[in-house]
Amino acid sequence: MFSNSCARLLCRTRALPVRRLALQAPTVRDAMAQGCRHMSWLRGFSSTPVEEGKPAVEEPTAAGDAAEREDVAALKAKLAETEEKLKQRHDQLLRAVADADNIRKRTAVEVDNAHKYSIGGFAKTLLEVADNLERALELVPESVRSGAENPPLRALYEGVKLTDEQLVKSFASVGLVRVNPLGEKFDPNLHEALFEMPDPTKEAGMVGNVMSVGYKLHDRCLRSAKVGVVKNKK
């Protein structure tokens, strides 16, 4: 009688840890594994008990290792693909920034040129006026310019001269400059050669006569100067 009671008490005492382990296991599979390991320890087949609160550690298998390697390989491939896409997006962003900067620079240059050269057509219409004033000044004899022989003509000369000077100043205020290349080296970008002329005092290729002055609008030639070029002495 006493022996049977002790045996039943011992079974209940041994079963208590199994129940607690089963309740603490996260899954049914883990609960079964923990229970089996604990029962093996109780029966003497295992020397290591299962600690309460800790799930049983499953032994690695060949199938599990293969699956883990496949997962790692898939993650590495996904990472490489993502890095390649990121690199492409970075290159596209750099190109977009460079294109935007080039557009901004071209737009700034175009706006600046529009401000500088927008008056070119109007300025050309005034060049003939400036030429006529210059021709009128050249027609007045030197004796009249500095003498007192003809006061009215001298006063007229002074008035035309002041008008010409004021017109040249107005031209300069908008970037229009008169170019008189007499004595300079002939430049086909700024000068138009009408004829060749001998001149022993000047080197060949120099401007020896100016028939009509030229004009530059900022750094552009608005009208070439019409000149005579000194020819080769031979």
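Leaving aside its neighbours within four places in sequence, which residues is E192 in contact with? I will come back to that residue in a moment, but I should say at the outset that what we are looking at is a predicted model, and that every value I quote has been computed from it.

Let me begin with the chain as a whole. The protein chain has 234 residues, of which 22% are buried, and its exposed surface comes to about 17,200 Å², with carbon and sulfur atoms supplying 59% of that area. There are six helices and six strands, and if you follow the elements from the N terminus, the order is α-α-α-α-α-α-β-β-β-β-β-β, with the helices ahead of the strands. As for contacts between residues at least 6 apart in sequence, 60% of them join residues at least 24 apart.

Now to the strands, and to the opening question. An open sheet of three strands has the order β2-β6-β3, and its pairing is mixed. Its edge strands are β2, residues 191-197, and β3, residues 207-212, each of which pairs on one side only. From one strand to the next, the twist averages 30 degrees. Between β3 and β6, the latter covering residues 225-230, the pairing is antiparallel and consists of four bridges, and within it V210 has V227 of β6 as its bridge partner.

E192 lies in strand β2, and the answer to my question is that, with its neighbours within four places set aside, E192 is in contact with F186, S224, A225, K226 and V227. The C-alpha atoms of E192 and G228 are 8.4 Å apart, although 36 residues separate the two along the chain. Is E192 buried, partly exposed or exposed? Because its relative accessibility is 37%, E192 counts as partly exposed, given that this class lies between the limits of 20% and 50%.

The next group of strands is β1, β4 and β5. Strand β1, residues 176-179, and strand β4, residues 214-217, pair in the antiparallel sense over four bridges, and there V179 has G214 of β4 as its bridge partner. Strand β4 is also joined to strand β5, residues 220-223, by three bridges, again in the antiparallel sense, and in that pairing Y215 is matched with R223 of β5.

I would like to pause at the loop between β4 and β5, where H218 is placed. The hairpin of these two strands has two residues between them, and H218 takes a positive phi of about 60 degrees although it is not a glycine. Because its relative accessibility is 31%, H218 counts as partly exposed.

Finally, let me turn to the largest pocket. Rolling a probe the size of a water molecule over the atoms shows where empty space is left. In this model the largest pocket holds about 180 Å³ of space. Which elements each supply at least two residues of its lining? They are α4, residues 120-139, and β3, and α4 gives the most, with four residues. The full lining consists of D131, E134, R135, E138, N180, L182, V210, M211, S212 and V213. V210, then, appears in two parts of this account, since we met it as the bridge partner of V227 in β6 and find it again in the lining of the largest pocket.

Conventions: Residues are numbered from 1 along each chain as its sequence is written. This is a predicted model: local features need pLDDT of at least 70, side-chain atom pairs count only at pLDDT 80 or more; totals for chains, interfaces and linings use all residues. Side-chain values use heavy atoms; hydrogens and water are left out. Buried means under 20% relative accessible area, exposed over 50%, partly exposed in between (1.4 Å probe, protein chains only). Contact means heavy atoms within 4.5 Å. Accessible areas come from the Shrake-Rupley method with a 1.4 Å probe; for residues, only the protein chains shown count as cover. Two strands pair if DSSP finds at least two bridges between them. Axes are lines fitted to C-alpha atoms, for helices over the stretch in contact, and angles run from 0 to 180 degrees between N-to-C directions. On a 1 Å grid over the protein atoms alone, a cavity is a set of points where a 1.4 Å probe fits but cannot get out, and a pocket is an open set with protein on both sides within 12 Å along at least five of seven lines; lining residues have an atom within 4 Å of a point. Grid points are joined across faces, edges and corners, and a volume is the space filled by probe spheres set on the points.
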